[in-house]
Every structure is written in structure tokens, then in C-alpha cells.
Amino acid sequence: MRPSGETRLDPISLVCKLMTVEGRPAVKLSDNARKATGPAEEIARYRRVFGSVAVEGALVTV
């Protein structure tokens, strides 16, 4: 949606990702190991806690 009927603005694609929350590193888990974000040791810890399994070497399609 364009503001106030503006016709000169094209929509953009934007992704915002958390880096930290209250001083602690943010972690995003994914079934695809390449798409997980955050410090490696935190990703490993959260995978242990939640029993999450990732597929190593899976291709990421953009």
C-alpha cells in the first residue's frame, strides 16, 4: 500500500532481524542449518534444549 495515494514510490522488500534481546543474543532456528542465525554456541544450545534437528548442506533458494 502506498501512503496517501502516492504513485511515485515502488514497494520495497525489507527483512529486519533481531540481534539481541535485553543484552542476550537472539537466535533463529531453521530445519535448514544454513538459515539458522545467531552465535554458533547459542544455536547449538537451543537445538539441544528444543530437540531441534537441522539438515546440513541443504540448499537455500532465494
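Glutamate 42 is buried, with a relative accessible area of 16%, in a model that is predicted. The cut-off for burial is 20% relative accessible area, and glutamate 42 falls under it because its value is 16%. The side chain of glutamate 42 meets that of arginine 45 in a salt bridge, with a distance of 3.3 Å from N to O. The count of salt bridges in the model comes to 1. Both residues belong to helix H1, and because they are 3 residues apart there, about one helical turn separates them. Arginine 45 has a relative accessibility of 29%, so it counts as partly exposed. The salt bridge thus joins a buried glutamate 42 to a partly exposed arginine 45.

The setting of this pair may be described next. The protein has 1 helix and 2 strands, and from the N terminus on these elements run β-β-α. Of its 62 residues, 15% count as buried. The exposed area is about 5,600 Å², of which carbon and sulfur atoms supply 57%. Among contacts between residues at least 6 apart in sequence, 17% join residues at least 24 apart.

Arginine 45 also takes part in a second arrangement within the model. It lies over the face of tyrosine 46, at 4.8 Å from the ring centre. Tyrosine 46 in turn belongs to an aromatic pair, and the count of such pairs comes to 1. The ring centres of tyrosine 46 and phenylalanine 50 are 6.1 Å apart and their planes stand at 10°, so the pair is stacked. For planes, the cut-off for stacking is under 30 degrees. Tyrosine 46 and phenylalanine 50 both lie in helix H1, which spans residues 40–50, and their separation of 4 residues is about one turn of the helix. As to accessibility, tyrosine 46 counts as partly exposed because its relative value is 25%. Phenylalanine 50, at 60%, counts as exposed.

Helix H1 also holds arginine 47. Which side chain of opposite charge is nearest to arginine 47? That side chain is aspartate 31, at 6.2 Å, and arginine 47 is buried yet has no salt bridge. The limit for a salt bridge is 4 Å between a side-chain nitrogen and a carboxyl oxygen. Leaving aside residues up to four places away in sequence, arginine 47 touches Leu29, Ser30, Ala33, Ala36, Ser52, Val53 and Ala54.

Two of the residues touched by arginine 47, Leu29 and Ser52, lead to the segment after H1, where serine 52 is found. Serine 52 is partly exposed, with a relative accessible area of 22%. With residues up to four places away in sequence not counted, serine 52 touches Leu29 and Arg47. Along the chain, serine 52 and leucine 29 are 23 residues apart, while their C-alpha atoms are separated by 8.0 Å.

The loop between S2 and H1 contains lysine 28. Its relative accessibility is 31%, so lysine 28 counts as partly exposed. Beyond residues up to four places away in sequence, lysine 28 touches Lys17, Lys35, Ala36 and Thr37. Ala36 is also among the residues touched by arginine 47. Lysine 28 and isoleucine 43 are 15 residues apart in sequence and 7.7 Å apart in space, C-alpha to C-alpha.

The path now turns to the strands. Strand S2 covers residues 24–25 and includes arginine 24. Arginine 24 counts as exposed because its relative accessibility is 52%. Apart from residues up to four places away in sequence, arginine 24 touches Met19 and Arg45. The second of these contacts leads back to the salt bridge of arginine 45 with glutamate 42. Between arginine 24 and glutamate 42 the separation is 18 residues in sequence and 10.0 Å in space, C-alpha to C-alpha.

Glutamate 22 is placed in the loop between strand S1, residues 20–21, and S2. What is the sign of phi at glutamate 22? Glutamate 22 has a positive phi of about 50°, although it is not a glycine. With a relative accessible area of 82%, glutamate 22 is exposed, whereas glutamate 42, where this account began, is buried at 16%.

Note on methods. Residues numbered from 1 in each chain as written. Predicted model: local features only at pLDDT ≥ 70, side-chain atom pairs only at ≥ 80, totals over all residues. Heavy atoms only, no water. Phe/Tyr/Trp six-rings, centres within 6.5 Å; stacked < 30°, edge-to-face > 60°. Buried < 20%, exposed > 50% of the residue type's maximum accessible area, 1.4 Å probe, protein only. Lys NZ or Arg CZ within 6 Å of the ring centre and 35° of its normal. Contact = heavy atoms within 4.5 Å. Areas by Shrake-Rupley, 256 points an atom, 1.4 Å probe, with all protein chains shown as cover. Lys, Arg positive; Asp, Glu negative; His and termini not counted.
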